[in-house]
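Hi,

Here is the structure I promised to pass on. Have a look at it first, and then read on for what turned up in it.

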Amino acid sequence: FDRNANEILSFQTIMEEADELGSEEWERRGGWILPGGIEEFQKRIEGTHIVLPRYPGLAAGRIFGRKKKLNESITNDLQFSMKCIFGALVLSLGLEKAWT
């Protein structure tokens, strides 16, 4: 990705704002914003060694405090980076191991 692109700074600013707003709700509610969220997560990971998530900037799969989609130019770098990461995992581990 282009480290000098303005979109990266824009995305970072949006996430910092979401973290700040989400943290206030997180503290007020004592955890995830949606009722049952943490319990549902625990049911799904029972028997594994996954650490409980704590990301107050996300709420129900959205960036906290935003009602509209992000500008496409902001998400293009993130999307490209994720594809590169997964591609590298597949090349180094093989598809089956990368999936698990």
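Glu25 is buried, with a relative accessible area of 18%; buried here means under 20% relative accessible area, exposed means over 50%, and partly exposed is anything in between (1.4 Å probe, protein chains only). You'll find Glu25 in helix α1, where helices (H or I, at least four residues) and strands (E, at least two) are DSSP runs numbered from the N terminus. Before you go further: this is a predicted model, in which local features need pLDDT of at least 70 and side-chain atom pairs count only at pLDDT 80 or more, while totals for chains, interfaces and linings use all residues. Residues are numbered from 1 along each chain as its sequence is written, and side-chain values use heavy atoms, with hydrogens and water left out.

So what does Glu25 pair with? Its side chain meets that of Arg28 in a salt bridge, at 2.9 Å from N to O. A salt bridge means a side-chain nitrogen of Lys or Arg within 4 Å of a carboxyl oxygen of Asp or Glu. A search of the whole structure finds one salt bridge. The two side chains also make a polar contact at 2.9 Å (a pair of N or O atoms within 3.5 Å; within protein, one must be able to donate a hydrogen and the other to accept it, and residues adjacent in sequence count only if both atoms are side-chain atoms). Glu25 and Arg28 are separated by about one helical turn, because they are three residues apart in helix α1, which covers residues 6-29. Unlike buried Glu25, Arg28 is exposed, with a relative accessible area of 59%. As background, side chains of opposite charge can pair when their charged atoms come close.

Now for the overall layout. The protein chain has four helices and two strands, and from the N terminus on they run α-α-β-β-α-α. Of its 100 residues, 20% count as buried. The accessible surface comes to about 8,300 Å², and 57% of that belongs to carbon and sulfur atoms; areas come from the Shrake-Rupley method with a 1.4 Å probe, and for residues only the protein chains shown count as cover. Take contacts (heavy atoms within 4.5 Å) between residues at least 6 apart in sequence: 62% of them join residues at least 24 apart.

On to the inside. The largest nonpolar core has seven residues: Ile14, Met15, Ala18, Ile63, Phe64, Leu70 and Ile74. Helix α1 gives the most to this core, with three residues. A nonpolar core is a set of buried Ala, Val, Leu, Ile, Met, Phe, Trp, Tyr and Cys residues joined through side-chain atoms within 4.5 Å.

Some residues to click on around there:

- Ile14 lies in helix α1 and is buried, with a relative accessible area of 12%. Leaving aside neighbours within four places in sequence, Ile14 is in contact with Ile63, Arg66, Leu70 and Ile74. Ile14 and Phe64 are 50 residues apart in sequence and 9.3 Å apart in space, C-alpha to C-alpha.
- Ile63, with neighbours within four places in sequence left out, touches Phe11, Ile14, Met15, Ala18, Gly57, Leu58 and Leu70.
- Phe11 is also part of helix α1. Beyond its neighbours within four places in sequence, Phe11 is in contact with Ile63, Leu70, Ile74 and Leu78.
- Glu16, another residue of helix α1, counts as partly exposed at 47% relative accessibility. From C-alpha to C-alpha, Glu16 and Gly57 are 7.8 Å apart in space, with their places 41 residues apart in sequence.

And what about the outside: which residues make the nonpolar surface patch of about 830 Å²? They are Leu78, Met82, Ile85, Phe86, Leu89, Leu93, Leu95 and Trp99. Patches are made of residues with over 30% relative accessible area and no salt bridge, with like charges joined within 9 Å and nonpolar side chains (Val, Leu, Ile, Met, Phe, Trp, Tyr) within 5 Å. Helices α3 (72-93) and α4 (95-99) each supply at least two residues of the patch, and α3 gives the most, with six. One of the patch residues, Leu89, lies in helix α3 and counts as partly exposed, at 34% relative accessibility.

Over to you!
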